[in-house]
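Hi everyone, thanks for making time this morning. I'd like to walk you through a structure that is new to most of us, so please have a look at it first.

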Amino acid sequence: MACHKSISLPDFDSSPWVISISKTKTEETRMTFINPFDGCFFDASLPGVEGKQCLQCFGDWLLIFDEGTRECFLVNITSYSKISLPPLLHPIDSLGGCALSSPTPPDCTVMFACSQDGRFVLHCRPGDKEWTKYDIDFQNDREDFVGTIFGSKGKMYVNTTYNCQCVVINTTSGSCLEKMVRWVENIGGATFFLGRNCVAVSSLAAGTQANCIYILLWSYDGMRLYSARLDERTISFSLLPAFADDLQNLSSCEDIWFKTYWAIPQSFKQEPTDYLGGSSSEFSRSNVSMEDEEQLVSLWSELPVELIELLVPKLSFVDYYHIRAVCKGWNLIGKPIQHAKIHPMLMSVYGRSGSLCRLFDPMVEKQYIVKDIMLSDGNWQTLHFSKCGWVLLTKGKRCICVVNPFSREVFKLPKMRHHLFNGIAFSSVPRCPNFVVLAIHKDPWQDSVDVMLWRDGDKRWTNYELPCDTPFSMTTNNPVFFDNEFYFLGVHGNLGVFNPDEVTWRVLDKPERVRDGAHDYGDRYCYLVDFKGDLIAIFRPYDASPIEMFKLDRSDMSWTKVLRLDDAVLFLDNWNATIRSSLEYGCCNRIYLPFMDYKEAEDRRVSVFYDLEHGKYKPELYGATEPINCIWVEPNFNGHL
């Protein structure tokens with residue numbers, strides 16, 4: 001529970017802190033300290049900074065600038081130590097990112113990376129009489145600084161716009177350009193704290209979560225703290241309570257973001273914590289074992305197989321494999337897996353290059369780790385679309401295939417020109433006569449749509465650029481194959497249609513827009529789903545606001561608002577919507593989301609859903625964990641169906 005205090009500066013040895021610097025109505029400088037991990041926050045004052053501008057925070061040091069006198073200095077948050085720097089005569093509004101070459105002033109270099117009035121760095125050391133300007137020759141007109149800068153061991157690493165590279169500047173040898181390097185994907189034993197400033201700490205020394213990134217971002221509902229686990233490939237977020245009052249003044253949101261920093265002193269040390277996260281059940285399709293099998297065989301084998309087969313329709317498909325592994329007699333169960341109870345499961349890949357797969361069953365709230373799914377051949381894969389148990393995924397920059405992870409069938413497609421699309425889908429299961437795969441891209445300002453089309457038997461993709469005279473802002477979600485055409489939902493609630501046989505694109509006059517006030521680039525997740533011959537549009541907010549649904553009345557082509565799903569259960573991820581009859585799942589008026597809430601004390605995961613009956617998310621949406629690369633998929637062990 002959040003608490004609000006007004007006391008002296010905090011004890012920084014216990015936790016990383018977030019510091020927000022703002023002006024009060026009386027123009028006094030207010031510093032708010034927030035512990036993002038326990039919700040406590042309070043206001044404090046720092047001598048010598050009143051009326052001055054904070055340009056950056058480095059650990060527990062603030063870079064302060066006096067606009068009137070051009071004075072510039074470093075001040076320590078905990079010790080109040082002050083280190084004078086040369087007057088900063090360069091226009092402040094043209095300065096880019098800033099960093100220290102060493103975390104222990106005064107033995108450091110302070111550097112700005114600028115690109116607004118040319119590409120250069122501005123740097124000095126404590127004791128210098130003036131700042132030194134050093135122009136950077138990129139030898140590439142397209143390359144530029146993007147503002148992110150990080151210092152370590154006397155060197156500055158400045159991110160650029162070209163091919164995910166960075167410039168390495170040696171501050172001890174005349175600030176010369178040393179080399180170009182690429183960013184790495186794995187941060188190993190480190191913890192990153194990212195926001196307006198960036199801080200990296202050793203997780204072993206600080207007791208933080210290894211291979212984890214904490215990110216501060218301003219969003220619709222306030223300042224969010226995102227936690228990204230790179231090893232587990234999951235992400236979650238919570239709100240920082242200190243900013244709740246500032247939401248009433250939307251004009252100040254940008255100022256709040258630009259004056260909020262991570263404050264992590266060098267003295268931040270504590271005993272290493274245990275690895276966070278609970279254990280998961282492991283499921284191997286080829287070999288499922290049970291503990292103490294020898295002791296149980298004689299007991300369970302006495303039950304007749306015919307009796308066990310009566311239970312198969314009540315079992316999940318994972319329990320089906322477990323029950324066959326109990327004893328040799330039960331392994332002779334004749335009723336096939338298709339008779340077991342199969343739910344849509346949230347599938348996600350993780351591990352190095354996506355070598356492992358998670359399957360989360362929201363109905364029984366169990367998670368399984370699949371080791372022999374054979375989806376990956378060493379390249380990282382991204383899940384995009386699912387239908388009839390088949391999953392469409394991309395690998396690398398151009399490779400694409402359709403995979404049945406349960407029958408382990410792989411249907412490879414020709415390489416694409418690129419993986420840039422708003423939506424992608426296929427019409428039916430692979431090898432069917434009408435199997436068509438379509439990917440489409442359109443920016444709101446374009447008067448055309450880019451379509452990539454592949455039919456079974458084609459040696460390559462066919463690319464089309466089709467005119468789009470009617471304004472249409474396409475969502476970043478997948479289309480629905482409906483009445484032999486692909487239907488696309490616009491962010492405003494209108495429909496676009498692509499006919500694969502005639503290769504035509506059109507925007508329907510009806511239904512009319514139901515969300516005229518939406519931003520052209522979208523302000524929420526938008527979905528289209530076919531249920532019993534009806535098209536249903538779903539609009540899911542980025543925050544915890546209510547989910548809206550509309551059904552298309554085909555008699556007059558108009559949207560009708562849907563308040564209940566008494567005969568259906570809906571499953572949403574970030575790309576797709578899947579809807580099934582509620583009779584199959586024993587519940588209704590639920591919209592399952594790609595989130596789960598981990599109950600550490602009970603070592604179990606709870607599915608997060610939106611309850612249409614009460615208009616609430618259960619459990620709370622904030623703090624729930626989402627796999628970064630996930631999709632809902634229905635297990636299908638018959639690849640041809």
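**Surface, core and salt bridges**

Let's begin at the surface: the chain exposes about 30300 Å², and carbon and sulfur atoms supply 49% of that. Accessible areas here come from the Shrake-Rupley method with a 1.4 Å probe, and for residues only the protein chains shown count as cover.

A word on the source: this is a predicted model, where local features need pLDDT of at least 70 and side-chain atom pairs count only at pLDDT 80 or more, while totals for chains, interfaces and linings use all residues. Residues are numbered from 1 along each chain as its sequence is written, and side-chain values use heavy atoms, with hydrogens and water left out.

Now the overall build. You are looking at 5 helices and 49 strands; these are DSSP runs, numbered from the N terminus, with helices (H or I) of at least four residues and strands (E) of at least two. Of the 641 residues, 52% count as buried. Buried means under 20% relative accessible area, exposed means over 50%, and partly exposed is in between. As for contacts (heavy atoms within 4.5 Å), residues 24 or more positions apart account for 49% of those with a separation of 6 or more.

On to salt bridges. The rule is a side-chain nitrogen of Lys or Arg within 4 Å of a carboxyl oxygen of Asp or Glu. How many salt bridges does that rule give? The count comes to 17.

Let me show you some of them. Asp483 pairs with Arg554, with the closest N and O atoms 2.6 Å apart. Asp483 sits in the loop between strands E35 (480-482) and E36 (485-489), and Arg554 in the loop between E41 (548-553) and E42 (558-562), so this pair ties together parts that are 71 residues apart in sequence. Asp483 is partly exposed at 47%, and Arg554 is partly exposed at 42%.

Next, Arg125 bridges to Asp107, at 3.2 Å between the closest N and O atoms. Arg125 follows strand E11 (120-124) in the loop leading to E12 (132-135), while Asp107 is in the loop between E9 (97-100) and E10 (110-114), 18 residues apart. Is Asp107 buried or exposed? Asp107 counts as exposed, at 53% relative accessibility, whereas Arg125 is partly exposed at 31%.

Finally, some salt bridges join up: Arg524, Glu548 and Lys561 are linked in a network. Thanks for listening!

Terms used: Buried < 20%, exposed > 50% of the residue type's maximum accessible area, 1.4 Å probe, protein only.
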